[in-house]
Amino acid sequence: MNSYPAPAAPFPAGPAPVGQGGALPPPAAYTSPIPITTTGLGHALASEWTKIRTVRSTLWTLGVMFLFVIGLGMLMTFTVGEDEYDSSPILSFGLPGVLLGQLGVVTLGVLVITSEYSTGMIRTTLTACPRRGRVLAAKAIVFFVVTLVLSTAACSLVALINYAQLGGRDITGYAYTDTGHGDVVTGQTSVTSGEVVRATFGIGLYMALLGLLALAVGVLLRHTAGAITTMLGVVLLPLLAGLFIPDDDVRETLQEYSAPNIIGELYDIPIVGEDNGWGLLGLLALVTTVTLAAAATVLHSRDV
Amino acid sequence: MIELEHLTKRYGEKLAVDGLTFTVRPGVVTGFLGPNGSGKSTTMRMMLGLDKPSSGEVRIDGKRYIDLKEPLRYIGGLLEARGVHPGRSAHNHLLCLAQSNEISPSRVNEVLDIVGLTSVAHKRSKGFSLGMGQRLGIAGALLGDPQVLLFDEPVNGLDPEGIHWIRNLIRDLADQGRTVFVSSHLMSEMALTADHLIVIGQGRLLADTTMADFITHNAHSFVRIRTPQPERLIAVLSAEGIGWDRGDEGSFEVSDVPAEQLGELAARHRLVLHELSPQRASLEEAFMRMTATSVEYHAHTPSENNGTASAGAPGAPPGAEPGSGPGSSGWGAHRKRGEGR
């Protein structure tokens, strides 16, 4: 029934009447045989899901994330010496992989929106769905869920490998004496459920939130390189700037609120402070929400 | 039906679109003409809800674009700049558009078939030629089987076969009762396709009329006569009170008198004629005349010379500033024939 051209169009073929000035009699307008239904967020979500899974950049960026998180994680696990797993929580060897792997997620977050600007696809997208807030919400949700699931999966895999390889060993050297670690309770390397949740879901949430922040920055800047560079600055600058600041308090504050410290806290090896990471994660969520809201406002009022 | 009401777009100090009011009607192909930089693309972007008007509004079938529940079902647009992610296959590109408007996935295959891209449906559009890219854009416009279609420079960069195909498609769409709005700077193409014309210059409406009326009112038709006996011809014409101008290569140009009458006149006076040909004014010429004064990047075109009998070369742009803009040489500068009278 979705036929085109319309069967037996009841309109005179050939050129329409000319020479009647501006007052043409309105011919009966074309009506499509396809019924019209109202669209909503669900349709936008389906559309964005198709988009994210049909470009190679998704495969590349998330592939790189997986490669770093798992590859580097395994490299660490299988090369640590005895004194190292004695002195650190055993899941924390996933940190270097996450530190690099987050860059893949950030890049994808930026590309989800800036690639539409650079290719002109954004015009097609917003013509198909003029509710710009809905488009942004759908993009954010699809991206967030995809990266949360995949980075949590990657981190879980690394945590599993770490536990299998490093767990259950006798603590021989000076023990890691922080409270709440399995090590102390059993005298063997072990993990608590809290540690596991933070090293898997916690890190996954961190990466997804950071990627979402990157997406919002991408909306604001509309430029791939600019947005990625900005995000690198956001992730690394507080930590690096801290190195050059003589004032202890300022340096510690900068380092405490730097993104890598969130990963550190979640793995129980913070650069500064003794928190478990949930507080900083909440702060990241707040920053991301505010930036997304700013992005939505700008997207709404700006010409494409 | 597309209705524009006092549509205005201002970029800082500059008025890109200045109070446009017109209606694009169903069942005919409406051509949208204007020199480069006259605000055509801006107008079309505002029609599609991409740019916000500074004032005034556009309504598609009586609704604002933002209020269209399933916009692709009402209006299909092909913008001049490509709007396709090159890394996505043609099929997936159309699929994500279809999903956002609850259009059945089977319709994707239908439109791919209509535009002839079925064989490359699962190839990434990165490798598409200009013509294939254009066809994919048109497939996107047709996806929702909309009543209103908007094509910005649809034949740009196409080969003759592609141009022919688009021309027929556009005519067919209008014959089915759809509203078809086409911009192009190819006058010959527009003359073949459009029934009605909207002409703008510097963002202002210059004409909203039928193709035939536009040409009759804005360009002059004349009869060209060549003869080996020019003095006698002049004498005969003068005796009859018929005005004439000098044309190219020693020819004469007579307006207002039909060729038949001139032929009979020549026969009565036993004049030898080597040519007696009615010259129908072209859309291009009519367009040049109308927009000569409103071309934005002016190369001092000879519009002020109109009406003088100089058959010289007023078209040469003396002292045209270097880089006088894209519009100039193409539009104003080539009016060689002196329009006397």
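These questions and answers cover a sheet in chain B and the nonpolar cores of a predicted model. Local features need pLDDT of at least 70, side-chain atom pairs count only at pLDDT 80 or more, and totals for chains, interfaces and linings use all residues. Residues are numbered from 1 along each chain as its sequence is written, with chains lettered from A and ligands numbered from 1 in the order in which they are written.

Q: Which strands of the open sheet in chain B stand at the edges?
A: Strands here are DSSP runs of E, at least two residues long, numbered from the N terminus, and two of them pair if DSSP finds at least two bridges between them. The antiparallel order is β2-β1-β4. Each edge strand has a single partner, so one side of each lacks a neighbour in the sheet; these strands are β2 (14-24) and β4 (55-60) of chain B.

Q: What is the bridge partner of B:E3 in β4(B)?
A: Strand β1 (residues 2-11) of chain B runs antiparallel to β4(B), and five bridges join them. In β4(B), B:E3 is bridged to B:R59.

Q: Which helix makes the largest contribution to the largest nonpolar core?
A: A nonpolar core is a set of buried Ala, Val, Leu, Ile, Met, Phe, Trp, Tyr and Cys residues joined through C-beta atoms within 7 Å, where buried means that 20 or more other C-beta atoms, placed from the backbone, lie within 10 Å of a residue's own. This core has 146 residues. A helix is a DSSP run of H or I, at least four residues long. The largest share, 17 residues, comes from chain A helix α8 (residues 193-221).

Conventions
A residue is buried if 20 or more other C-beta atoms lie within 10 Å of its own, exposed if 12 or fewer, and partly exposed in between; C-beta atoms are placed from the backbone.
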